[in-house]
Amino acid sequence: MPKITIDQLRQQVGGAVITPEDSDYDEARAVYNAMIDRRPSVVVRAQDSADVAAAVDYARENRLPFATRGGGHSVPGFGTIDDGVVADLSGMRAVSVDPGRRVARAQGGATWGDFNDATHEHSLATTGGIVSTTGVAGLTLGGGIGYLTRGHGLACDNLVGAEVVTADGLTVRASADENADLLWALKGGSGNFGVVTALDFQVHPLSEIYGGPMFFELEHARDLLEWYRDFIVDAPEQFGGFPAFQIAPPLPFIPEDRVGDTFIVFVACWAGPLAEGEAIVNRIKAVAPVVAEHVGPMPYPALNGAFDGLVPAGLQHYWKANFVRELTDDAIDAHLEHGPRVPAVNSTVHIYPINGAAQRVGADEAAFGHRDATFAPVIAGMWPDPAHNEANIKWVKDYYAATAPHSEEGGYVNFAASDDQDRVRANYGVNYDRLVAVKRSYDPDNLFRHNQNIKP
Ligand SMILES: Cc1cc2nc3c(=O)[nH]c(=O)nc-3n(C[C@H](O)[C@H](O)[C@H](O)COP(=O)(O)OP(=O)(O)OC[C@H]3O[C@@H](n4cnc5c(N)ncnc54)[C@H](O)[C@@H]3O)c2cc1C
């Protein structure tokens with residue numbers, strides 16, 4: 001007999017409890033990566049921490065596997081699970097801002113679009129992802145790379161507190177004063193320690209940025225990558241942005257006869273005084289002639305949503321990543337060989353900078369320990385048609401194999417693939433053993449194991 005029955009669960013939970021018999025089951029089990037096709041035994045659409053706790057208790061007592069879903073963007077599909085319980089937090093998306101204390105609180109299912117819109121009303125912002133539909137929780141718990149990383153650190157570096165439902169179904173607070181070891185672990189240790197129902201962030205004055213994408217001919221790719229490697233070392237920290245290999249989508253600012261051609265793109269974000277933005281961006285334009293651009297002053301949330309159209313839900317995804325200390329000539333050669341072969345308009349390679357403020361945090365100050373890396377490149381394979389899976393996965397794997405010898409052993413957990421579990425120790429890096437110790441005290445039976453898993 002189940003220790004807690006599904007009927008009891010339904011009575012306890014304020015939100016919907018969806019099982020395979022329900023008409024909305026297929027919608028409830030789907031995640032962003034359409035390659036993932038799993039059949040949970042129940043999806044709990046939580047409305048508050050008590051609903052989350054009920055889902056955790058139900059899974060634990062009935063010895064069922066458990067998955068947490070925030071924004072649902074996990075490429076390996078960690079937000080859904082076969083024959084287990086999914087706590088879906090997508091109904092918990094409120095964001096509140098305390099402008100006086102410069103703190104913003106996001107519920108565990110909020111997206112960066114929700115967050116940026118709320119903080120922008122107060123001309124405040126913090127480091128978040130570059131696509132508005134990505135979840136605040138999943139992105140932050142793995143580290144959190146975005147346009148503001150060089151100025152304000154990773155998203156997790158701005159996390160000052162959290163509310164967490166732990167494996168025993170209790171709701172606890174994590175902050176510098178309460179359960180400080182838990183807060184430390186949440187800053188890069190991913191979803192291993194509980195279900196985070198609220199996250200408190202330090203936010204910073206910012207309203208408009210100057211920037212946007214610039215498209216350059218591939219023949220200038222080497223010059224641009226070499227320029228970027230040198231410039232980013234001591235560029236002003238208000239400068240964020242990255243080079244990318246990209247097929248031109250049909251956008252109004254792309255000449256019609258160039259749609260479908262492959263370019264090297266530079267996406268710039270200047271978060272300093274607007275009057276200085278043009279001069280900074282002109283330094284990039286001085287490297288090579290620009291074919292097409294959409295650059296200028298814009299609200300910070302606008303840049304964070306600029307690529308949403310390229311990455312709708314329902315694509316096939318396969319990604320890989322490594323951290324990089326130095327973009328050597330050999331590494332650039334590998335990028336020049338594989339980047340121009342990007343096979344789909346949705347796919348891309350971004351070489352994110354993670355120096356500046358992110359490197360000033362000590363390697364043991366937060367679970368995210370890769371503080372000696374300057375770059376976090378991601379090879380993001382995204383394409384619509386499952387018939388093309390083999391060719392697209394091969395592109396990602398070949399590209400990865402070529403760049404791996406010029407990279408750190410570990411990569412960013414949030415960009416890791418489903419077949420990266422054997423790299424978990426390297427991916428969490430220098431803090432792995434301490435993460436295991438925190439895991440043992442908060443989740444000794446590894447209920448939260450459907451993630452880049454830290455085994456207790
Ligand atoms: C289109 C796209 C753009 C991206 N852009 C960026 C970017 O700019 N910068 C960057 O750093 N990363 C980026 N990522 C990677 C992203 O950080 C990860 O995919 C992240 O895991 C997504 O979080 P989520 O909440 O949306 O996903 P989910 O699939 O819901 O969750 C991902 C992981 O986090 C855990 N988790 C989620 N919510 C909670 C919670 N409330 N409590 C506890 N655990 C939770 C889940 O269990 C799972 O293990 C991007 C991904 C995609 C697909």
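**Exercise 1. Polar contacts of the ligand**

In this predicted model, an oxygen atom of the ligand is 2.8 Å from a polar backbone atom of glycine 71. Determine which backbone atoms of glycine 72 and histidine 73 lie close to an oxygen atom of the ligand, and at what distance.

*Solution.* Begin with glycine 71, where the separation between its polar backbone atom and a ligand oxygen is 2.8 Å. A pair of N or O atoms counts as a polar contact within 3.5 Å. For glycine 72, a backbone N or O atom is found 2.8 Å from an oxygen atom of the ligand. For histidine 73, the corresponding distance from a backbone N or O atom to a ligand oxygen is 3.0 Å. Finally, consider the surface: the ligand taken alone exposes 940 Å², and the protein buries 98% of that area.

**Exercise 2. The shell around the ligand**

Establish which elements give two or more residues to the shell around the ligand, and how the residues of the shell divide into nonpolar, polar and charged.

*Solution.* First, list the elements: β3 (66-69), α5 (136-142) and β10 (195-202) each give two or more residues. Next, identify the largest share, which comes from α5 with four residues. Then sort the shell by character: 14 residues are nonpolar, 17 are polar and one is charged. Lastly, of the 32 residues around the ligand, those that come nearest are Gly70, Gly72, Ile145, Val196 and Tyr412.

**Exercise 3. The two faces of helix α15**

Explain why the buried residues of α15 are on the same side of the helix, and state which exposed residues the face turned away carries.

*Solution.* Start with the buried residues of α15 (residues 432-442), which are Tyr432, Leu435, Val436, Val438, Lys439 and Tyr442. These residues lie on the same side of α15 because they cover an arc of only 165° around the axis. In general, an α-helix has 3.6 residues a turn, so residues three or four places apart point the same way. The buried residues of α15 pack against α7 (180-186) and α14 (424-428). The face turned away from the buried side carries the exposed residues Asp433 and Arg440.

**Exercise 4. The setting of threonine 403**

Decide whether threonine 403 counts as buried or exposed, and name the residues with which threonine 403 is in contact, leaving aside neighbours within four places in sequence.

*Solution.* Locate threonine 403 in helix α13 (residues 389-403). The cut-off for a buried residue is under 20% relative accessible area. Threonine 403 has 9% relative accessibility and therefore counts as buried. With neighbours within four places in sequence left aside, its contacts are Ala334, His335 and Ile379.

Terms used: Residues are numbered from 1 along each chain as its sequence is written. This is a predicted model: local features need pLDDT of at least 70, side-chain atom pairs count only at pLDDT 80 or more; totals for chains, interfaces and linings use all residues. Side-chain values use heavy atoms; hydrogens and water are left out. A residue is near a molecule or strand if one of its heavy atoms lies within 4 Å of it. A polar contact is a pair of N or O atoms within 3.5 Å; within protein, one must be able to donate a hydrogen and the other to accept it, and residues adjacent in sequence count only if both atoms are side-chain atoms. Accessible areas come from the Shrake-Rupley method with a 1.4 Å probe; for residues, only the protein chains shown count as cover. Ala, Val, Leu, Ile, Met, Phe, Trp, Tyr, Cys and Pro count as nonpolar, Asp, Glu, Lys and Arg as charged, and the others, Gly among them, as polar. Buried means under 20% relative accessible area, exposed over 50%, partly exposed in between (1.4 Å probe, protein chains only). The arc is that of the directions from the helix axis to the C-beta atoms. Contact means heavy atoms within 4.5 Å.
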